[in-house]
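Here is a short report on a protein and its ligand. Look at the structure, then read on.

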Amino acid sequence: MFPITRLRRLRAQKIRKMVRETDLSVNDLIAPLFVDENITETMPISSMPGIQRETPKSIVDEAKALVDLEIPAIVLFGIPAQKNEMGSHAWGDDDVIQNAVRDIKNEVGSDMVIITDLCLCEYTTHGHCGMVDYKTGEVLNDPTLPLLAQTALSHVNAGADIVAPSGMMDGMIKAIREALDQNSFFNTPIMSYAAKYSSSFYGPFREAADSGYQFGDRSTYQMDPANSNEALREVEQDVLEGADIVMVKPALPYLDIIYRVKHEFGMPTAAYNVSGEYSMIKGAVEQGWLNESAIMESLISIKRAGADMILTYFAKEVARDLNDST
Ligand code: PBG
């Protein structure tokens, strides 16, 4: 008890480092990248200052720059030249992601883990994450599963190290695991967007990836922000179906979910610090309303909650800072 106990004693500059409970390392970072088949010059994303769409050429240089910063992994999103009702350019051998994966792999070899986001919303004309019954507007679960399995296989055939299904279809992990195993890709891990909420914080991403939807919203397949127990059921299902890494998304408004998921399952747990989280902090820093240190503070909070790795648009700038400080 005070005055014998004084918690301030350990807060002196030199000492506080020794008692720090959580650290953020470059190894924790996964950088999302957008590659657009339609452009020949990089294209800034206005709602995400500092982030841009890469061309099929520049994506390779960007990946190399991240390797030089010792960022261990990227997650790739593709914007195809053509969209259709089924999203068939998600799985062609000569489509945007498959080409990007091959090119990056050729250039950076085994120095980087290439994760591919696995979803149909960038590839469908209606912008939903699965097949749609146009009469009812329903996003169909079971008919979407073989399409996701086929897409996963095409990514891995092109050289993807990990696939990350983000469409929130029931049974998607099982369908993908079976397809990979049938093709002897037993050792390719699945990072599941297991507890993915129907969130307003994805707003800027939809500009970034051109994946806005034409009707309805994603609330029939993504989770209700009010629910927490349901997140555990989602994660449990995915673990049973063979997920190797489970993700909670978004991150900052869902730190309680990250905490519960990590403690309940002890699984390698990823958190996605999504586009809206990036833009609100980045925007405020640019305005001078927040100090830049808010970036590190929020990433540390995500780790403290229990995340082992963070998908974040801050990866590049934070890696620079972390490398400079060591
Ligand atoms: C695709 C997908 C989305 C994000 C990642 N994968 C958008 C969505 O579900 O609408 C969001 C990422 C971000 O906001 O940074 N299903």
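A residue counts as buried when its relative accessible area is under 20%. Cys121 fits that description, with a relative accessible area of 5%. Cys119 is buried too, at 2%. Keep in mind that this model is predicted.

**The cysteines**

How many disulfides does the structure hold? It holds zero. A disulfide is a covalent bond between the sulfur atoms of two cysteines. The cut-off used here is 2.5 Å between the two sulfur atoms. For Cys119, the closest cysteine sulfur belongs to Cys129. The distance is 3.5 Å, so the two sulfurs are too far apart for a bond. Cys121 is in no disulfide either. Its nearest cysteine sulfur is that of Cys119, 3.9 Å away.

**The ligand and its surroundings**

Now turn to the ligand. It is surrounded by 18 residues. The closest are Lys196, Arg206, Lys249, Ser275 and Tyr313. What kinds of residue make up this shell? Ten are nonpolar, three are polar and five are charged.

Some side chains place an N or O atom within 3.5 Å of a ligand N or O atom, which is the cut-off for a polar contact. The table gives three such pairs.

| Side chain | Ligand atom | Distance |
|---|---|---|
| Arg206 | oxygen | 2.6 Å |
| Arg218 | oxygen | 2.7 Å |
| Ser166 | nitrogen | 3.4 Å |

How much of the ligand does the protein bury? Taken alone, the ligand exposes 400 Å². The protein buries 100% of that area. The space that the ligand takes is the largest cavity.

Methods:
Residues numbered from 1 in each chain as written. Predicted model: local features only at pLDDT ≥ 70, side-chain atom pairs only at ≥ 80, totals over all residues. Heavy atoms only, no water. Near = heavy atom within 4 Å. Polar contact = N/O pair within 3.5 Å; in protein donor to acceptor, adjacent residues only side chain to side chain. Areas by Shrake-Rupley, 256 points an atom, 1.4 Å probe, with all protein chains shown as cover. 1 Å grid on protein atoms, 1.4 Å probe; cavity = no way out; pocket = protein on both sides within 12 Å on 5 of 7 lines; lining within 4 Å. Sits in = over half its atoms within 2 Å of the grid points. Nonpolar A, V, L, I, M, F, W, Y, C, P; charged D, E, K, R; others polar. Buried < 20%, exposed > 50% of the residue type's maximum accessible area, 1.4 Å probe, protein only.
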